[in-house]
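Reader: I am new to this structure and would like to go through it in short questions. Please show it to me before we begin.

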Amino acid sequence: MDSTPAARIAVRARFVPFIQRLIDQHRGTDHNVLMIAHGSLLYMMLPVVLCNITLAFAREQPMPNTAVIVAEECAAGLAGVEWCGVKI
């Protein structure tokens, strides 16, 4: 995945509204949303959309193939609650 600043800005411009639409569509329901994505995309964008995850945290935590990252809606948007089997 291209990691130039322009590429990150372009990805963010699409990813953040996509996540916001998912939140809006499922707010107030008992739905769970499963998203399958490329690890590089998650590495770049989870610190943007999860209020308690920083880029430094993401860099320090392994994200192997088929990793599961769990987030829940909170007052600030979304918060990570589990990263690859480890409670946050």
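Author: One definition comes before the questions: buried means under 20% relative accessible area, exposed over 50%, and partly exposed in between, with a 1.4 Å probe and protein chains only. This is a predicted model, in which local features need pLDDT of at least 70 and side-chain atom pairs count only at pLDDT 80 or more, while totals for chains, interfaces and linings use all residues. Residues are numbered from 1 along each chain as its sequence is written, and side-chain values use heavy atoms, with hydrogens and water left out.

Reader: Is Asn52 buried, partly exposed or exposed?

Author: Asn52 is found in the loop between α2 and α3; helices (H or I, at least four residues) and strands (E, at least two) are DSSP runs, numbered from the N terminus. Its relative accessibility is 35%, so Asn52 counts as partly exposed.

Reader: Which backbone nitrogen does the side chain of Asn52 reach?

Author: Contact means heavy atoms within 4.5 Å. Leaving aside neighbours within four places in sequence, Asn52 is in contact with Ala79, Gly80 and Ile88. At 2.7 Å, the side chain of Asn52 reaches the backbone nitrogen of Gly80.

Reader: How is Cys51 placed, and at what C-alpha distance from Ala75?

Author: Cys51 is in the loop between α2 and α3, and at 47% relative accessibility it counts as partly exposed. Without neighbours up to four places away in sequence, the contacts of Cys51 are Cys74, Ala76, Leu78 and Ala79. Cys51 and Ala75 lie 24 residues apart in sequence, and their C-alpha atoms are separated by 9.7 Å.

Reader: What is the pattern of helices and strands along the sequence?

Author: The protein has three helices and three strands. Read along the sequence, they follow the pattern α-α-α-β-β-β.

Reader: Why is the protein called as compact as a globular protein of its length?

Author: The radius of gyration is taken over C-alpha atoms, and the globule rule is 2.2 Å times the number of residues to the power 0.38. For 88 residues the rule gives 12 Å, and the protein is as compact as a globular protein of that length because its radius of gyration is close to this, at 13 Å.

Reader: Which element gives the largest share of the largest nonpolar core?

Author: A nonpolar core is a set of buried Ala, Val, Leu, Ile, Met, Phe, Trp, Tyr and Cys residues joined through side-chain atoms within 4.5 Å. The largest one has 15 residues, and those with the most contacts inside it are Phe15, Ile19, Leu46, Val49 and Leu50. The elements giving two or more residues to this core are α1, α2 and β2. The largest share, six residues, comes from α2.

Reader: What covers the buried residues of α2?

Author: Helix α2 spans residues 39–49, and its buried residues are Leu41, Leu42, Met44, Met45, Leu46, Pro47 and Val49. Their cover includes α1 (5–26), α3 (55–60), β1 (69–74) and β2 (77–83).

Reader: With which side chain does the side chain of Glu82 make a polar contact?

Author: Glu82 is in strand β2. Leaving aside neighbours within four places in sequence, its contacts are Val68, Ile69, Val70, Lys87 and Ile88. At 3.2 Å, a polar contact (a pair of N or O atoms within 3.5 Å; within protein, one must be able to donate a hydrogen and the other to accept it, and residues adjacent in sequence count only if both atoms are side-chain atoms) joins the side chain of Glu82 to that of Lys87.
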